[in-house]
Amino acid sequence: MSRLLPTDLEWMSDALRLAKKGLYTTSPNPRVGCVIVKDGVKVGEGWHQKAGEPHAEVHALRAAGDQARGATAYVTLEPCSHYGRTPPCAEGLIKAGVARVVGAVRDPNPSVAGRGYEMLRQAGIEVVESCLEPEATAINAGFMKRMRTGLPYVRVKLAMSLDGRTAMASGESQWITGSAARRDVQALRAQSCAVITGADSVIIDNPSMTVRPDEAGLDIPEGLRRQPLRVIVDGAHRVSNEATIFDKPGDILIAARTPPASPINRDTGLGALSYWAGERDEHTDIDALLCHLATQGSNEVLIESGAKLAAAFVSAGLVDELIVYCAPTLLGSDARPLLSLPLSEMKQQIRWQWQDVRMVGDDLRLTLRPDTSTAAKKA
């Protein structure tokens with residue numbers, strides 16, 4: 001029976017390092033790395049850089065050349081077995097004559113889902129699965145969730161003062177956190193397929209919601225740079241075409257309760273502007289909106305909005321991760337709360353689990369995920 005060797009963890013760690021290079025570029029495809037090793041020496045490596053371009057295995061096999069024959073390939077995601085925009089990677093590994101394939105995690109895509117490994121085994125190649133599976137799954141949390149559930153992985157980003165306030169009573173909120181935290185948010189945007197904000201945020205803050213790699217210090221090659229889809233939840237069609245967001249490059253989707261009577265005009269040279277409509281309980285149907293975004297290839301969605309819209313996603317149980325930047329300042333009791341949650345009893349509380357706490361410049365970044373423990377469910 002195939003088993004892991006002591007050196008497999010080391011080489012798979014190297015492949016995972018390569019996969020992370022695609023953090024900001026591969027959407028809607030997963031981030032994948034591949035390392036080819038022969039006689040204890042790495043002879044080829046590669047990572048998937050952009051949808052429609054060669055997969056990680058192809059880059060690694062090209063680098064290895066004839067040395068791939070009899071070698072071991074370490075792949076962070078099961079090699080694909082179907083023809084898409086590129087030929088099957090499992091077929092490429094077979095033709096190259098590799099003797100052994102070590103995989104981190106199975107591809108949940110129904111077009112693959114174990115077929116890649118089976119194709120390799122049928123060709124007489126030894127296959128070892130589940131090498132550093134948790135680490136590989138985490139790199140592609142959004143892709144995994146979309147393939148398994150039909151929904152994207154949803155993060156909510158919030159910035160607050162020490163007393164849990166996000167804006168003054170007037171709505172003024174720039175800036176609570178420092179420049180380092182704002183650069184960190186740029187990285188969150190860059191790895192997201194879509195960024196959702198609300199009409200109030202667009203009207204009051206007039207943001208651009210774009211990714212600015214140079215300003216944020218993100219090392220993204222010019223040819224691989226992309227803008228996430230910007231989604232404005234504007235149920236009553238209050239946003240006008242004078243908002244800054246429409247003057248910045250990248251596609252925009254306006255989600256409302258009903259189709260617009262007078263669509264916003266925008267320079268098509270900057271990107272597409274489209275509408276989506278769905279209503280539930282006299283509000284824009286955010287559940288259906290997330291489903292729509294998933295069908296369009298959104299793996300990871302970032303919510304950057306005010307207290308009401310963010311709370312709507314939290315209340316509906318649609319949030320996978322909460323990221324809160326806490327600044328060492330006080331805004332006072334009249335300032336706006338972190339989330340507009342009309343809770344009145346302790347049994348209504350929504351508990352979270354700590355995942356990470358770290359300093360970002362002068363601010364704290366708190367990362368939490370929903371508490372799924374038995375105690376939380378009983379509460």
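Helices of at least four residues and strands of at least two are DSSP runs, numbered from the N terminus. The views below are taken from a predicted model.

**View 1. Surroundings of glutamate 304, in the loop between strand E14 and helix H11.** Strand E14 covers residues 300-303, and helix H11 covers 307-315. In UniProt, an unreviewed entry assigns the feature "binding site" to Ser173, Arg189, Arg212 and Glu304. Glutamate 304 has a relative accessible area of 7% and is therefore buried, the cut-off being under 20%. Apart from neighbours within four places in sequence, the residues in contact with glutamate 304 are Lys157, Val185, Arg189, Val195, Ile196, Thr197 and Met209. Arg189 thus appears both in this contact list and in the UniProt feature. The side chains of glutamate 304 and lysine 157 form a polar contact at 3.5 Å.

**View 2. Helix H6 and the elements that cover its buried residues.** Helix H6 spans residues 141-149, of which Gly142, Phe143, Met144, Lys145 and Arg146 are buried. Among the elements covering these buried residues are helix H5 (133-139), strand E6 (153-160), helix H10 (286-295) and strand E14. Glycine 150 follows H6 and has a positive phi, near 80°.

**View 3. Contacts of lysine 145 in helix H6.** A polar atom of the lysine 145 side chain lies 3.1 Å from the backbone oxygen of proline 152. With neighbours within four places in sequence left aside, lysine 145 is in contact with Gly150, Leu151, Pro152, Tyr153 and Asp320. Gly150, in this list, is the glycine that follows H6.

**View 4. Packing of helix H2 against helix H3.** Helix H2 comprises residues 56-64 and helix H3 residues 89-96; their axes are 9 Å apart and meet at an angle of about 20°. Because angles under 35 degrees count as roughly parallel, H2 is described as roughly parallel to H3. The two helices cross in a left-handed sense. Glu57, Val58 and Leu61 of H2 make the contact with Cys89, Gly92, Leu93 and Ala96 of H3.

**View 5. Valine 128 in strand E5.** Strand E5 consists of residues 126-128. Valine 128 counts as buried because its relative accessibility is 3%. Leaving out neighbours within four places in sequence, valine 128 is in contact with Ser2, Arg3 and Leu4, and also with Arg100, Val101, Val102 and Gly103. The C-alpha atom of valine 128 is separated by 14 Å from that of alanine 90, a residue 38 residues apart along the chain.

How values were computed. Residues numbered from 1 in each chain as written. Predicted model: local features only at pLDDT ≥ 70, side-chain atom pairs only at ≥ 80, totals over all residues. Heavy atoms only, no water. UniProt positions renumbered as here; feature names shortened; annotations may be inferred. Buried < 20%, exposed > 50% of the residue type's maximum accessible area, 1.4 Å probe, protein only. Contact = heavy atoms within 4.5 Å. Polar contact = N/O pair within 3.5 Å; in protein donor to acceptor, adjacent residues only side chain to side chain. Axes fitted to C-alpha atoms, helices over the stretch in contact; angles between N-to-C directions. Parallel < 35°, antiparallel > 145°, perpendicular 65-115°, else oblique. Left-handed = near helix turned anticlockwise from the far one by under 90°.
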